[in-house]
Amino acid sequence: MGLKIRPIALADAASYRQCWDAVAKERRYLYWYEAPPLWEVRANLRRSLRKKTPMLVAVDGERVVGWAAVYRAGVPALSHGGDFLMFLLPEYRGKGLGTKLAAGVLKMSRGKFDMILFCVVRKNKPARELGRKMGFELCGEEKKSVKLAYGFDDLLIMQKQIRR
Ligand SMILES: CC(C)(COP(=O)(O)OP(=O)(O)OC[C@H]1O[C@@H](n2cnc3c(N)ncnc32)[C@H](O)[C@@H]1OP(=O)(O)O)[C@@H](O)C(=O)NCCC(=O)NCCS
């Protein structure tokens, strides 16, 4: 089975949730310690598809092994901006797949946002490097605001200006 990057579909909900859950349970990278229940993931996915949220999955055969999205902020004064999130299963990291997913979803975001934020914890070097590679610049940080398996970490806020 080959690896493929493609838009997410509602039928991916369970596999996408499994991927999210596995990464969340590492407690090293994400805000979640586990994925939300499937009904909630499916409802949010349905809403995202309706809103045409830029969102891609990396699949190995039918299995979701990675995901990336740019969400629009839900309040008017912030709605010109997007939040970039992504994750890959451990065995698929460090092989360039994250770069491809990120490039794809950022391309889909062109014309939709004025700027995009990417928030990563300080210890997450691959994510920091990926952000830098994609043109994000550090614009602020929140000290010790994230509690993960290894203790408290700083949240680095990276920003990329794009033209709408
Ligand atoms: C962050 C993540 C998405 C990056 O995807 P990836 O496929 O591993 O990254 P890539 O292989 O495309 O590498 C991107 C860059 O990161 C850096 N990088 C990758 N692996 C690294 C490692 N182990 N150590 C240090 N830097 C690393 C490199 O600079 C690389 O660019 P280069 O190969 O051109 O030098 C992935 O590691 C992941 O899912 N991590 C867990 C979840 C997460 O951190 N999500 C982001 C926070 S929302």
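## Helix α3 and its packing

Two residues are taken to be in contact if their C-beta atoms, placed from the backbone, lie within 7 Å. On that basis, in this predicted model, the buried residues of helix α3 pack against the strands β1 (3–7), β2 (55–60), β3, β4 and β5, and against α4 (125–133).

The buried residues of α3 are Gly 98, Leu 101, Ala 102, Val 105, Leu 106 and Ser 109. Because these residues cover an arc of only 125° around the axis, they lie on the same side of α3. The helix has 13 residues and reaches 18 Å from its first C-alpha to its last, which is close to the 18 Å expected at 1.5 Å a residue. Just after α3, Gly 111 takes a positive phi of about 85°.

## Strands β3, β4 and β5

Strand β3 (residues 63–72) runs antiparallel to strand β4 (residues 81–88), and seven bridges join the two; within this pairing, Ala 69 has Leu 85 of β4 as its bridge partner.

On the other pairing described here, β4 and strand β5 (residues 115–121) run parallel and are joined by three bridges, with Asp 83 standing opposite Leu 117 in β5. Between β4 and β5 the chain passes through helix α3 (residues 97–109), and this β-α-β crossover is right-handed.

## The β6–β7 hairpin

Strands β6 and β7 form a hairpin with two residues between them, and they pair in the antiparallel sense over eight bridges. Leu 148 has Gly 151 in β7 as its bridge partner. Strand β6 (residues 137–148) is hardly covered, since the count of buried residues among its 12 residues is zero.

How values were computed: Residues are numbered from 1 along each chain as its sequence is written. This is a predicted model: local features need pLDDT of at least 70, side-chain atom pairs count only at pLDDT 80 or more; totals for chains, interfaces and linings use all residues. Two strands pair if DSSP finds at least two bridges between them. Helices (H or I, at least four residues) and strands (E, at least two) are DSSP runs, numbered from the N terminus. A crossover is right-handed if, with the strands pointing away from the viewer, the path from the first strand over the helix to the second runs clockwise. A residue is buried if 20 or more other C-beta atoms lie within 10 Å of its own, exposed if 12 or fewer, and partly exposed in between; C-beta atoms are placed from the backbone. The expected span of a helix is 1.5 Å times one less than its number of residues. The arc is that of the directions from the helix axis to the C-beta atoms.
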